[in-house]
Amino acid sequence: MTTAPSTDYLCGLDVASLFLAGPFIQLLDPATGEMPEQARAPFDILIKHFEARGLAVHNAHRREAWGAELMRPDQCTPLDQDEIRKADVFVALPGFPASPGTHIEVGWASAFDKPIVLMLERGREYTFLVQGLHTVATVEYVEYTDVAEALPELDLALHRAVSRHRETARAS
Ligand code: 5HM
């Protein structure tokens with residue numbers, strides 16, 4: 001009897017923690033100061049997906065109660081940088097329009113030599129340094145229209161990024 005190959009690419013990858021970055025301020029409803037359900041959904045889907053696979057997920061949107069408990073800049077900046085430094089992997093939606101905070105975090109993650117997966121919305125234009133980041137860091141790109149539908153591809157991309165990162169570390 002043949003066994004179908006596993007499509008759970010995170011299984012056995014030995015990755016414990018993940019930082020999830022993405023647009024925040026631009027998604028707040030000016031009337032309530034909170035992210036509407038529709039804006040929360042991609043983050044919610046990704047957090048649940050990774051936590052179901054046993055990863056500890058650090059995400060500022062959830063930490064700050066989707067805008068209801070927004071931190072001051074001098075609180076969230078060192079916290080985010082520290083969590084990215086500690087995370088095993090970094091996943092970001094750079095955003096369209098571009099999220100300034102996420103772009104800073106992508107810079108930190110690459111400077112800290114983290115395996116990175118960037119989720120790019122299909123049909124959008126991203127800045128040159130996002131498009132070219134793979135030349136200087138371990139980056140995998142996932143094009144998506146619907147985050148939920150892109151989950152298997154995201155897992156594969158994460159697997160690739162972590163494996164390539166380990167190979168590079170072994171070779172050096
Ligand atoms: O510039 P923007 O708000 O889109 O930046 C979003 C990124 O900055 C998120 O990935 C989040 O980790 C971080 N951030 C945060 O931690 C941003 C804000 C508000 O700008 C915040 N806490 N209050």
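A residue counts as partly exposed when the number of other C-beta atoms within 10 Å of its own falls between two limits: 20 or more would make it buried, and 12 or fewer would make it exposed. Keep that in mind as we look around this structure, which is a predicted model.

Let's try the rule on Ala98, a residue in the loop between S3 and H4. Ala98 has 16 other C-beta atoms within 10 Å, so it is partly exposed. If you set aside the neighbours within four places in sequence, Ala98 is in contact with His103 and Thr127. You can also see how the fold brings distant parts of the chain together here: Ala98 and Gly22 are 76 residues apart in sequence, yet their C-alpha atoms are 9.3 Å apart in space.

Stay in that loop for a moment, since Pro97 lies there too, between S3 and H4. The peptide bond joining Phe96 and Pro97 is cis, with an omega of about -5°.

Now find the ligand. How many residues surround the ligand? There are 17, and the closest are Ala21, Phe24, Ala60, Ser99 and Gly101. Two elements give two or more residues to this shell: helix H3 (73-86) and helix H4 (100-111). H4 gives the most, with four residues. Sort the shell by chemistry and you get nine nonpolar residues, five polar ones and three charged ones.

Next, follow the chain along helix H1, which covers residues 37-52. H1 has 16 residues and reaches 21 Å from its first C-alpha to its last, close to the 22 Å expected at 1.5 Å a residue. Look along the helix and you'll find a kink of about 30°, centred on Phe43. Phe43 is also one of the buried residues of H1, together with Ala39, Pro42, Leu46 and Phe50. What do these buried residues pack against? Their partners are strand S1 (17-21), strand S2 (56-59) and helix H2 (60-63). Just after H1 comes Gly54, with a positive phi of about 90°.

Ala41 is found in H1 as well. Is Ala41 buried, exposed or partly exposed? Ala41 has 13 C-beta neighbours inside 10 Å, so it counts as partly exposed. Ala41 also gives you another example of distant parts of the chain: its C-alpha atom and that of Ala148 are separated by 9.5 Å, although the two residues are 107 residues apart along the chain.

Time to look inside. In soluble globular proteins, nonpolar side chains tend to be buried together. In this model, the largest nonpolar core has 32 residues, and Val89, Phe90 and Val117 have the most contacts inside it. Several elements each supply at least two residues of this core: S1, H1, strand S3 (89-92), H4, strand S4 (116-121), strand S5 (139-144) and helix H6 (151-171). The largest share, five residues, comes from H6. A second, separate core has six residues, including Phe24, Leu27, Ala39 and Trp66.

Let's zoom in on Val117. Leaving out residues up to four places away in sequence, Val117 touches Val91, Glu140, Val142, Leu154, Ala157, Leu158 and Ala161.

That takes us to H6 itself. H6 has 21 residues and reaches 30 Å from its first C-alpha to its last, close to the 30 Å expected at 1.5 Å a residue. Which residues of H6 are buried? They are Leu154, Asp155, Ala157, Leu158, His159, Ala161 and Val162. What covers them includes S3, S4 and S5.

Finally, compare two residues with an interesting backbone. Asp14 has a positive phi of about 60° although it is not a glycine, and Trp66 also has a positive phi of about 60° without being a glycine. Asp14 sits in the segment before S1, while Trp66 has its place in the loop between H2 and H3. Are they buried or exposed? Asp14 counts as exposed because it has 8 C-beta neighbours inside 10 Å. Trp66 counts as buried because it has 22 C-beta neighbours inside 10 Å.

Note on methods:
Residues numbered from 1 in each chain as written. Predicted model: local features only at pLDDT ≥ 70, side-chain atom pairs only at ≥ 80, totals over all residues. Near = placed C-beta within 6 Å. Nonpolar A, V, L, I, M, F, W, Y, C, P; charged D, E, K, R; others polar. Expected span 1.5 Å × (residues − 1). Bend = angle between axes of the 7 residues up to and from the residue. Contact = placed C-beta atoms within 7 Å. Core = buried A, V, L, I, M, F, W, Y, C linked by C-beta atoms within 7 Å.
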